[in-house]
Amino acid sequence: IRQTFDIDCIPLMFVISKQQPIPEVANLIFNEDDPQNPDVKYLMNDALKTAEELQPHYWKVLMGEEKPKRCGKCAYCRYTNNNPEFILPTQIEV
Ligand SMILES: [Zn+2]
């Protein structure tokens with residue numbers, strides 16, 4: 001919105017977990033100018049820096065020049081893991 005319309009907005013997110021039987025719901029606000037929560041500005045800048053660092057890789061994945069990196073945790077990675085490695089029982093995340 002800032003790049004297209006030159007308007008500064010406070011980002012909001014309305015999120016819901018996948019917990020069963022009762023999902024958790026949260027409404028998130030990212031107000032960088034809130035003096036009560038100075039960490040928000042740091043978190044937003046850190047996230048922007050991370051996005052800028054990862055952007056070249058994502059672009060190459062979109063262009064078919066690089067393979068995507070598997071996270072090993074999402075539904076797609078779990079669904080497509082045809083050759084799981086042996087791990088110790090202590091490595092299982094609960
Ligand atoms: Zn994944």
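Here are some notes on this predicted model, going from the overall fold down to single residues.

1. **Overall make-up.** The secondary structure amounts to three helices and two strands, and along the sequence these elements follow the pattern α-β-β-α-α. The radius of gyration is 19 Å, well over the 12 Å that the globule rule gives for 94 residues, so the protein is more spread out than a compact globule. If you would like dimensions to go with that, the C-alpha atoms fill a box of roughly 50 × 40 × 20 Å along the principal axes.

2. **Burial and contacts.** Do look at the burial figure: buried residues make up 3% of the 94 residues. The contacts are worth reading beside it. Of those between residues at least 6 apart in sequence, 4% join residues at least 24 apart. The protein exposes about 9,500 Å², and carbon and sulfur atoms supply 58% of that area.

3. **The strand pair.** β1 and β2 pair in the antiparallel sense, over five bridges. To find your place in the pairing, start from valine 15, which stands opposite alanine 26 in β2. How many of the five residues of β2 are buried? The number is zero, so β2 lies largely in the open.

4. **A cis peptide bond between the strands.** Please check the peptide bond from glutamine 20 to proline 21, which is cis, with omega near 5°. Proline 21 sits in the loop between β1 (12–16) and β2 (25–29).

5. **A positive phi.** Aspartate 6 is a residue other than glycine with a positive phi, near 55°. Its place is the loop between α1 (2–5) and β1. Is aspartate 6 buried or exposed? With a relative accessible area of 67%, aspartate 6 is exposed, because the cut-off for that class is over 50%.

6. **The zinc site.** The zinc ion is coordinated by the SG atoms of Cys71, Cys74 and Cys77, at 2.2 to 2.3 Å. Along the chain these donors follow the spacing C-x2-C-x2-C. When you judge the site, keep in mind that water is not among the atoms, so sites may look incomplete.

7. **Exposure at the zinc site.** Two of the zinc ligands have accessibility values to compare with the picture above. Cysteine 71 counts as partly exposed, at 46% relative accessibility. Cysteine 74 is also partly exposed, with a relative accessible area of 33%. Both values fall in the partly exposed class because buried means under 20% and exposed means over 50%.

Methods: Residues numbered from 1 in each chain as written. Predicted model: local features only at pLDDT ≥ 70, side-chain atom pairs only at ≥ 80, totals over all residues. Heavy atoms only, no water. Donors = N, O, S within 2.8 Å, 3.2 Å for Na, K, Ca; no water. Buried < 20%, exposed > 50% of the residue type's maximum accessible area, 1.4 Å probe, protein only. Helix = DSSP H or I, 4+ residues; strand = E, 2+ residues; numbered from the N terminus. Pairing = 2+ DSSP bridges. Rg over C-alpha atoms; globule rule 2.2 N^0.38 Å. Contact = heavy atoms within 4.5 Å. Areas by Shrake-Rupley, 256 points an atom, 1.4 Å probe, with all protein chains shown as cover.
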